[in-house]
Amino acid sequence: MFDVACKVVRQEPLTADYWSLELESGLIAETARPGQFVHVRVPGLDRAALRRPFSIFGARENVLRLMYKTVGRGTEALTRLRVGEEIQVIGPLGNGFPLEPQGEPVLVAGGYGVAPLCFLAERLGRTGTVLIGGRTATDVLAREAFERLGWTVKIATQDGSLGEVGLVTLPLDRTLAELKAVGLSAELYACGPDGMLKAVGARALEAGCRAWLSLDKHMVCGVGACLACVQNLRRPDGSMWIGRVCHDGPIFEAREIVW
Amino acid sequence: MGEIDLSVDLGGVRMRNPVTVASGTFGYGKEYAELMDVTQLGAITVKGIRLQPWPGNALPRHVEVPGGMVNAIGLQGPGVDGFVRDYMPFLRTTGVPVIVNIWGTSVEEYAEVARRLGDVEGVSGLELNISCPNVKEGGHAFGTDPRTVSALVAAVRAATRLPLMPKLAPNVPDIKVFVRAAQEAGADALSLINTLPAMVIDIETRRPVLANKVGGLSGPAVHPVAVKLVWEAAQAARVPILAMGGVTGPEQAVEFLIAGASAVAVGTANFIDPTTPLRVIDGIADYLTRHGLRSARELTGSVAMG
């Protein structure tokens with residue numbers, strides 16, 4: 001965990017409200033693992049503005065890549081950052097995804113939830129299937145990045161403007177059935193809205209496979225001190241505990257989470 | 001710089017400098033240990049502890065507002081025995097005095113927590129959180145009735161020899177009444193202010209944003225309120241004051257000292273810039289140098305009212 005003044009090296013709009021931000025971040029990028037996040041002090045807000053957490057979209061040498069969607073005044077202010085400007089970033093934070101799948105990797109992304117999964121695909125050292133869901137075509141990002149890595153990409157949008165019509169669970173159910181038909185098991189990795197994560201977790205239970213779910217909660221400190229982003233969890237022995245999404249997560253296996 | 005003496009005695013808690021962290025904003029110290037040198041702090045004040053583990057409130061537990069935030073974490077914690085077992089070993093390694101914030105739902109609970117912490121190595125003082133719901137008394141806060149403040153402080157006083165500093169509620173008509181009640185009952189120092197009761201409503205859903213409906217406001221927005229209360233409290237206080245509320249840099253800390261505080265705590269600013277307490281320590285020393293002063297103690301209560 002490092003607190004680094006990062007220089008912006010690239011900032012580009014992706015589709016619609018989505019942006020990619022590249023930062024010269026030294027040790028943060030060098031030590032980042034897929035599924036971890038960074039806590040960003042957004043310039044241009046008042047001095048009392050809290051930091052904002054963002055999943056790590058990619059890391060190469062000393063450059064960290066983030067993906068964000070403009071959803072409020074913090075992310076709006078981020079779009080005004082120019083190359084050469086500096087922002088204060090704490091990271092890498094959180095536990096990250098385990099990188100030893102027990103079956104065929106199947107990644108399930110909703111909207112900007114694709115960011116940590118793209119980093120995961122790069123670091124898994126093997127290929128698999130990625131399912132990307134969104135409300136509409138502009139919510140589907142990073143498709144080419146997965147294809148370049150040799151991953152099979154399946155897309156579902158709720159309005160049918162790209163891929164099949166409906167939720168991402170449609171191609172997920174088909175993918176799980178196809179793997180089962182040839183005697184293979186899956187290892188699920190998912191990041192997206194809670195409803196999607198719950199649905200992915202339920203499939204993992206049915207299929208008897210593991211699902212690593214990345215939870216998205218509003219955070220304050222980002223380091224496990226303030227207890228703003230807690231989640232009720234269950235240990236393998238059935239006992240309950242309260243975890244901090246920022247510190248004990250943000251990745252939990254589906255069976256751990258008490259929704 | 002070498003001649004500057006930053007040390008203060010906060011009612012028996014010997015601090016090498018007048019800067020600590022506000023309870024609840026710094027976990028149990030180790031959460032921030034990778035981001036800042038916690039051994040440089042004058043003291044570490046840990047998150048509130050009661051007798052048993054406590055789950056806290058439902059989410060959302062916080063909301064950002066202009067000039068700060070409103071929180072209702074609900075004092076989630078491991079209980080006194082869990083705290084001593086899981087967190088004191090690290091805290092002892094820091095060599096920094098540890099102030100444990102304690103709470104309960106009855107006078108007896110406060111006293112029992114204080115008793116159990118009495119002979120724990122490394123615990124240097126107790127901050128009494130008297131602004132939490134007093135379930136036994138029918139939902140009123142201990143901190144807004146001088147008689148309950150007096151009874152509570154006296155009961156804890158009888159249970160421990162550790163330095164005691166009640167954390168006073170800001171939402172009272174006359175803070176001096178509470179200052180007197182606390183010190184007459186045996187307080188060694190006073191801590192103020194706690195968060196200001198606050199509420200945020202989502203106008204689209206017409207529901208309170210916080211699951212607890214109401215919470216406490218902290219951050220720069222409360223700083224001038226805190227300065228006024230510290231200044232008033234100092235006029236009635238015979239014991240040292242630990243001031244907090246909206247310290248984001250050395251300027252607010254120096255202001256608190258001038259108003260009458262002996263030490264200050266950095267709270268919400270830790271979330272935004274974890275190095276704030278260290279900047280505050282350095283900045284106080286710079287201020288003293290610039291003004292030809294040799295000790296932080298010379299600043300305390302030096303406000304010019306003429």
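**Exercise 1. Take stock of chain A: how many helices and strands does chain A have, and does the radius of gyration of chain A agree with or depart from that of a compact globule****?**

Step 1: count the elements. Chain A has six helices and 15 strands, where helices (H or I, at least four residues) and strands (E, at least two) are DSSP runs numbered from the N terminus. Before going on, note that this is a predicted model, in which local features need pLDDT of at least 70, side-chain atom pairs count only at pLDDT 80 or more, and totals for chains, interfaces and linings use all residues. Residues are numbered from 1 along each chain as its sequence is written, while chains are lettered from A and ligands numbered from 1 in the order in which they are written.

Step 2: check the radius of gyration, taken over C-alpha atoms, against the globule rule of 2.2 Å times the number of residues to the power 0.38. For 259 residues a compact globule would come out near 18 Å, and chain A has 18 Å, so the two agree.

Step 3: add the box. Along the principal axes, the C-alpha atoms of chain A fill roughly 55 × 45 × 30 Å.

**Exercise 2. Work out which elements of domain 1 of chain A give two or more residues to the side that touches domain 2 of chain A****.**

Step 1: find the domains. Chain A splits into domain 1 (2–93) and domain 2 (104–214), with bounds from an automatic or database domain assignment. Their centres, over C-alpha atoms, are 25 Å apart.

Step 2: collect the contact. Domain 1 of chain A puts in 14 residues and domain 2 of chain A 13, counting two residues as in contact if their C-beta atoms, placed from the backbone, lie within 7 Å.

Step 3: sort by element. On the domain 1 side, β4 (52–60) and β5 (63–69) of chain A give two or more residues, and the largest share, five residues, comes from β4(A).

Step 4: sort by character. That side has nine nonpolar, four polar and one charged; here Ala, Val, Leu, Ile, Met, Phe, Trp, Tyr, Cys and Pro count as nonpolar, Asp, Glu, Lys and Arg as charged, and the others, Gly among them, as polar.

**Exercise 3. Describe how α7 (residues 250–259) and α9 (residues 276–290) of chain B pack****.**

Step 1: get the geometry. The angle is about 60 degrees and the axes are 8 Å apart; axes are lines fitted to C-alpha atoms, for helices over the stretch in contact, and angles run from 0 to 180 degrees between N-to-C directions.

Step 2: name the arrangement. α7(B) and α9(B) are therefore oblique to each other, given that angles under 35 degrees count as roughly parallel, over 145 as roughly antiparallel, 65 to 115 as roughly perpendicular and the rest as oblique.

Step 3: list the contact. P250(B), A253(B) and V254(B) of α7(B) meet R279(B), V280(B), G283(B), I284(B) and Y287(B) of α9(B). The tally is six nonpolar, one polar and one charged.

**Exercise 4. Locate the unusual backbone spots: where do P250(A), P60(B) and L75(B) lie****?**

Step 1: recall the background. Most residues other than glycine have a negative phi, and most peptide bonds are trans.

Step 2: take the cis bonds. G249(A) to P250(A) is cis, with omega near 15 degrees, and P250(A) sits in the loop between β14 (240–244) and β15 (251–253) of chain A. L59(B) and P60(B) are also joined by a cis bond, omega about 0 degrees, with P60(B) in the loop between β4 (44–49) and β5 (62–65) of chain B.

Step 3: finish with phi. L75(B), not a glycine, has a positive phi of about 60 degrees, in the loop between β6 (68–71) and α1 (79–86) of chain B.
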